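Let's take a walk through this protein together, from its overall build to the side chains packed inside. Keep the viewer open as you read.

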Amino acid sequence: MAEIDLDGMSAMVIDDDPMTRELLSGMLQELGVSDIRRARDGRHGLEVLRGFTPDFVICDILMEEMGGIEFTKHVRTDPASP
């Protein structure tokens, strides 16, 4: 199996379950991701994106307030989106 090296990359983890956010964040740190931001739902994720441009986002699809599909639509269509 090939080794995954995400050294120096940045990421955002969006999930409404705090334990899942921490689990994913820990896994990403072990893979070398140096800057990880967390958000509790899609709406909070959009707020975080105002001051942070991650290399990638891991996002739950089903969440209260704003789920992953709606979050992705906003990211792709909002002119202010990074």
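Of the 82 residues in the protein chain, buried ones make up 33%. Please keep in mind that this is a predicted model. The accessible surface of the chain comes to about 5500 Å², and carbon and sulfur atoms account for 52% of that area.

How do the overall dimensions look? Measured out along its principal axes, the C-alpha trace spans about 35 × 25 × 25 Å. The radius of gyration of the protein chain is 13 Å, which agrees with the value near 12 Å that a compact globule of 82 residues would have.

Now trace the chain from its N terminus: the elements run β-α-β-α-β-α, giving three helices and three strands in total. Parts of the chain that are separated in sequence also meet in space. Among contacts with a separation of 6 or more, 61% are between residues 24 or more positions apart.

With the outline in place, turn to the interior. In soluble globular proteins, nonpolar side chains tend to be buried together. Here the largest nonpolar core has nine residues: Met12, Ile14, Ala39, Val48, Leu49, Phe52, Met63, Met66 and Phe71. Two elements that each supply at least two residues of this core are β1, covering 10–14, and α2, covering 42–49. Apart from this core lies another one, made of six residues, including Leu6, Ala11, Leu28 and Ile36.

Val48 is a good residue to click on next. If you set aside its neighbours within four places in sequence, Val48 is in contact with Met12, Arg37, Arg38 and Ala39. Of these partners, Met12 and Ala39 belong to the nine-residue core along with Val48.

Arg37 leads on to another core member, Phe52. What sits over the ring of Phe52? It is the charged end of Arg37, 4.1 Å from the centre of the ring. As for rings paired with rings, the structure holds zero aromatic pairs.

Finally, have a look at Pro18. This proline lies in helix α1, which covers residues 18–30. Is Pro18 buried, partly exposed or exposed? Its relative accessible area is 46%, so Pro18 counts as partly exposed, the class between under 20% for buried and over 50% for exposed. If you would like a distance to check in your viewer, try Pro18 and Val57: they are 39 residues apart in sequence, and their C-alpha atoms are 16 Å apart in space.

Definitions and conventions
Residues numbered from 1 in each chain as written. Predicted model: local features only at pLDDT ≥ 70, side-chain atom pairs only at ≥ 80, totals over all residues. Heavy atoms only, no water. Core = buried A, V, L, I, M, F, W, Y, C linked by side-chain atoms within 4.5 Å. Buried < 20%, exposed > 50% of the residue type's maximum accessible area, 1.4 Å probe, protein only. Helix = DSSP H or I, 4+ residues; strand = E, 2+ residues; numbered from the N terminus. Contact = heavy atoms within 4.5 Å. Phe/Tyr/Trp six-rings, centres within 6.5 Å; stacked < 30°, edge-to-face > 60°. Lys NZ or Arg CZ within 6 Å of the ring centre and 35° of its normal. Rg over C-alpha atoms; globule rule 2.2 N^0.38 Å. Areas by Shrake-Rupley, 256 points an atom, 1.4 Å probe, with all protein chains shown as cover.
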